[in-house]
Amino acid sequence: MKQSLLKLLSAIAMVAALGVFALAQTTAPISGSVLDPNGAAIAGAEVTVKNNATGTELKAKTSASGAYTVPSLGTGVYTVTIEAPGFKKAVVQEVKWTSACPPQ
């Protein structure tokens with residue numbers, strides 16, 4: 001009886017550990033570059049990624065090369081806003097994101 005209970009508890013612990021591992025895989029980063037109409041990098045632009053369902057916002061600043069990364073986005077629909085001094089604000093709505101594939 002004790003051996004069966006120990007096997008059951010071990011199996012439950014393994015399933016729980018796999019579940020935590022699976023949850024850790026439900027987010028993915030989004031990255032890109034911010035460029036002006038001539039293709040030049042825009043350094044210091046603020047990129048805001050807002051989850052439309054929860055209202056949660058994540059922000060990043062572009063590097064000298066115009067690159068940015070926003071880590072740990074969960075599956076959902078987002079609005080991406082890019083702002084930089086001297087440039088018109090850019091807004092991209094309805095960005096569908098899953099951790100398994102890039103935006104659609």
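## Following strand β2 through the sheet

Let's start in the middle of things: strand β2 and strand β5, the latter covering residues 76-83, run antiparallel and are joined by six bridges. One pair you can pick out along that seam is E46, which sits opposite E83 in β5. Before going on, keep in mind that what you have on screen is a predicted model.

Now look at the other partner of β2. Strand β2 takes up residues 46-51, and strand β3 takes up residues 57-61; these two are also antiparallel, with five bridges between them. Two of the matched pairs are worth finding: V47 has A60 of β3 as its bridge partner, and V49 faces L58 in β3. The chain gets from β2 to β3 by way of a hairpin with five residues between the strands, and in this hairpin G55 adopts a positive phi near 80 degrees.

Put those pairings together and you get the sheet. It is an open one of four strands, antiparallel in its pairing, and its order reads β3-β2-β5-β6. The edges belong to β3 and to β6 (90-97), each of which pairs on one side only. Going from one strand to the next, the twist averages 20 degrees. As a general reminder, strands of a sheet pair through backbone hydrogen bonds, in either a parallel or an antiparallel way.

Stepping back for a moment, the whole chain contains one helix and six strands. In sequence order the pattern is α-β-β-β-β-β-β, so the helix comes ahead of the strands, each of these being a run counted from the N terminus. Contacts across the chain reach some way along the sequence too: if you take those between residues at least 6 apart, 46% join residues that are at least 24 apart.

Back to E46 and the charges. How many salt bridges does the structure hold? There are two. In one of them, the side chains of E46 and K59 come together at 3.5 Å, N to O. With E46 in strand β2 and K59 in strand β3, this pair ties together parts that lie 13 residues apart in sequence. E46 itself is partly exposed, at a relative accessible area of 24%. The other salt bridge brings the side chain of K61 to that of E46, at 3.9 Å, N to O. Here again a residue of β3, K61, is matched with E46 of β2, so the pair links parts that are 15 residues apart in sequence. Because its relative accessible area is 56%, K61 counts as exposed. The shared partners make one network out of E46, K59 and K61.

D36 is another acidic residue to look at, and you'll find it in the loop between β1 (27-33) and β2. What is the nearest side chain of opposite charge to D36? That would be K88, 16 Å away, and D36 is buried yet has no salt bridge. Setting aside neighbours within four places in sequence, D36 has contacts with I42 and F87.

On to the nonpolar side of the story. Buried residues account for 23% of the 104 residues in the chain. The largest nonpolar core has 16 residues, and the members that touch the most others are V49, V70 and L73. Strands β1, β2, β4 (67-74), β5 and β6 each supply at least two residues of this core. The biggest contribution comes from β4, which gives three residues.

V70 is a good place to see how the strands come together. Not counting residues up to four places away in sequence, V70 touches P29, I30, V49, L58 and A60. V49 and L58, then, which stand opposite each other across β2 and β3, are both among the contacts of V70.

Finish with L73, a residue of strand β4. Is L73 buried or exposed? Its relative accessibility is 2%, so L73 counts as buried. Leaving out residues up to four places away in sequence, L73 touches T26, T27, A28, I30, V49, L58, Y78 and W97. V49 and L58 turn up in that list as well. One more distance to check in your viewer: L73 and T98 are 25 residues apart along the chain, while 8.1 Å separates their C-alpha atoms.

How values were computed: Residues numbered from 1 in each chain as written. Predicted model: local features only at pLDDT ≥ 70, side-chain atom pairs only at ≥ 80, totals over all residues. Heavy atoms only, no water. Pairing = 2+ DSSP bridges. Axes fitted to C-alpha atoms, helices over the stretch in contact; angles between N-to-C directions. Salt bridge = Lys/Arg side-chain N within 4 Å of Asp/Glu carboxyl O. Buried < 20%, exposed > 50% of the residue type's maximum accessible area, 1.4 Å probe, protein only. Lys, Arg positive; Asp, Glu negative; His and termini not counted. Contact = heavy atoms within 4.5 Å. Core = buried A, V, L, I, M, F, W, Y, C linked by side-chain atoms within 4.5 Å.
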